[in-house]
Amino acid sequence: VVRAQNNHHQDNDDGFYMRKSVELARKGLGYTSPNPLVGCVIVKHGNIVGQGFHPKPGQPHAEVFALRDAGDLSENATAYVSLEPCNHFGRTPPCTEALIKAKIKKVVIGMVDPNPIVASKGVDRLRDAGIEVVVGVEEELCKSLNEAYIHHMLTGKPLLTLRYSLSVNGNLLDSLGNGVTDSGGYYSRLLQEYDAVILSSSLFRENLSANPVPTSKEPGANQPIRIIMHKDSGSSNPIPLVINEVTDKAIIFTNCRTATTPEEAQQGIEIVSMDQINLDVILDYCNRQGLCSVLLDVRGNFSEYEDLVKEGIKKKYINKFVTEVLPVWNGCTKNDPLLPLKNLDQGVKVENLRPMASAQSVVIEGYLNF
Ligand code: AOF
Ligand code: ZN
């Protein structure tokens, strides 16, 4: 009985320190892709003596920062890491060796690294060195932290999330009214987590004054690469000039054959011409760029996104969706709340609906299971 009680106490402590590691990991939010978010704390005699997180690719891993922070106190201490320590030379040397060298006694791990180069080899290496290893503490939390990283590692494709807004009566919003651009800060937080966001060029043309380029308003936030799809109906000025408002990295996929203007080239805006804009080409591009997460951001006129949404569902590229139910009634033209998902493919099952309250709207997240 005493032992059971002991274990119980131990479990609670492990959970506490693992949650602390996850909290630290989040400090890298938006900046680590294609690497995962990872946090680490070093605990000795019930005190946190070292903390670290992975800030961005090329920089040391979480464990290295935490060990540096702890210094000599690492000896005989326990390390909590939200992801299995790596056992390979990538851009940085293996964390297993750093933990062994620092004479860490025990390592508690949130989840095994799905990266095939690591995949339990880190655990094996630590155990071989005589270190006690516990795996799977707060595993679901650790997995949710790195949804895109895990998806990308396991499928070789970016996590594609469909986002759209609904009015309270369940109608799909065709245009965005005032105050809708960033409902309760949810959109802003969402944006900083994505490597790229797909938008229609008409958004830039029509809503420039009301809605400038969508950006995350979080302090110091990562701004996703803008993937702008531009469908030309044969007008004389095919690429809208307001694209010049896009100051961060952007790529325009267009079905019209125009050369890049000097201004666009100067700003590093890449223009790719093709006969028909499709997700295959866009996702290939994302893969070549090493992007792990993409937001298909339906803003403005839904019909401009319809082909991509259809293709995404048909080809099972869309993994997740986020919809905001907004107390706005303007521009409602369609009649089914989950229209983009259900009407386009009867085989789609919507599951794990997660309503999330925010200041001005209710946000619903869900997954597509084909
Ligand atoms: C860890 N701790 O903080 C991170 C890990 O190119 P590198 O050297 O940065 O290696 C990247 C890989 O290392 C990445 O794909 C993942 O498997 C692991 N990331 N591992 O022990 C960390 N960021
Ligand atoms: Zn590492």
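Analyst: By definition, two strands count as paired if DSSP finds at least two bridges between them. This criterion is applied below to a model that is predicted.

User: What makes strands β4 and β5 a pair, and in which sense do they run?

Analyst: The cut-off is at least two bridges. Strand β4 (residues 106-109) and strand β5 (residues 132-135) share 4 bridges in the parallel sense, so the two strands meet the criterion for pairing. Within this arrangement, Val 108 is placed opposite Val 134 of β5. The connection from β4 to β5 passes through helix α4 (residues 121-128), giving a β-α-β crossover that is right-handed.

User: Why is the crossover from β4 to β5 called right-handed?

Analyst: The term applies if, with the strands pointing away from the viewer, the path from the first strand over the helix to the second runs clockwise. The path from β4 over α4 to β5 is assigned that hand.

User: Why is Val 133 called partly exposed?

Analyst: Val 133 belongs to strand β5. The neighbour count is 17 other C-beta atoms within 10 Å. Burial requires 20 or more, and exposure 12 or fewer; the value for Val 133 lies in between, and therefore the residue is classed as partly exposed.

User: How do you know which residues Val 133 touches?

Analyst: Contact requires C-beta atoms within 7 Å. Leaving aside residues up to four places away in sequence, Val 133 touches Val 107, Ile 109, Val 123, Leu 126 and Arg 127. As for Asp 280, its C-alpha lies 42 Å from that of Val 133, and the two are 147 residues apart in sequence.

User: What makes His 45 exposed, and what is notable about its phi?

Analyst: His 45 has 9 C-beta neighbours inside 10 Å. Because the limit for exposure is 12 or fewer, the residue counts as exposed. His 45 sits in the loop between β1 and β2 (47-53), and its phi is near 50 degrees, a positive value in a residue other than glycine.

User: Why is Asn 76 counted as exposed, and where does it lie?

Analyst: Asn 76 has 11 C-beta neighbours inside 10 Å, which meets the limit of 12 or fewer, so it counts as exposed. Its place is the loop between α2 (62-70) and β3 (78-81). Asn 76 is not a glycine, yet its phi is positive, at about 65 degrees.

User: Which peptide bond is cis, and what is its omega?

Analyst: The bond from Ser 33 to Pro 34 is cis, with omega near 5 degrees. Pro 34 is located in the loop between α1 (2-25) and β1 (39-44).

User: Which residues of helix α6 are buried, and by what standard?

Analyst: The standard is 20 or more other C-beta atoms within 10 Å. In α6 (residues 147-155), Ala 148, Tyr 149, Ile 150 and His 152 are buried. Just after α6, Gly 156 adopts a positive phi of about 75 degrees. Across the chain of 370 residues, buried residues make up 42%.

User: What makes a residue part of the shell around ligand 1, and how many residues surround it?

Analyst: A residue belongs if its C-beta atom lies within 6 Å of the ligand. There are 18 residues around ligand 1, with Val 38, His 61, Gly 90, Arg 91 and Asn 115 the closest. The shell divides into 9 nonpolar, 6 polar and 3 charged residues.

Technical notes: Residues numbered from 1 in each chain as written. Chains lettered and ligands numbered in written order. Predicted model: local features only at pLDDT ≥ 70, side-chain atom pairs only at ≥ 80, totals over all residues. Nonpolar A, V, L, I, M, F, W, Y, C, P; charged D, E, K, R; others polar. Contact = placed C-beta atoms within 7 Å.
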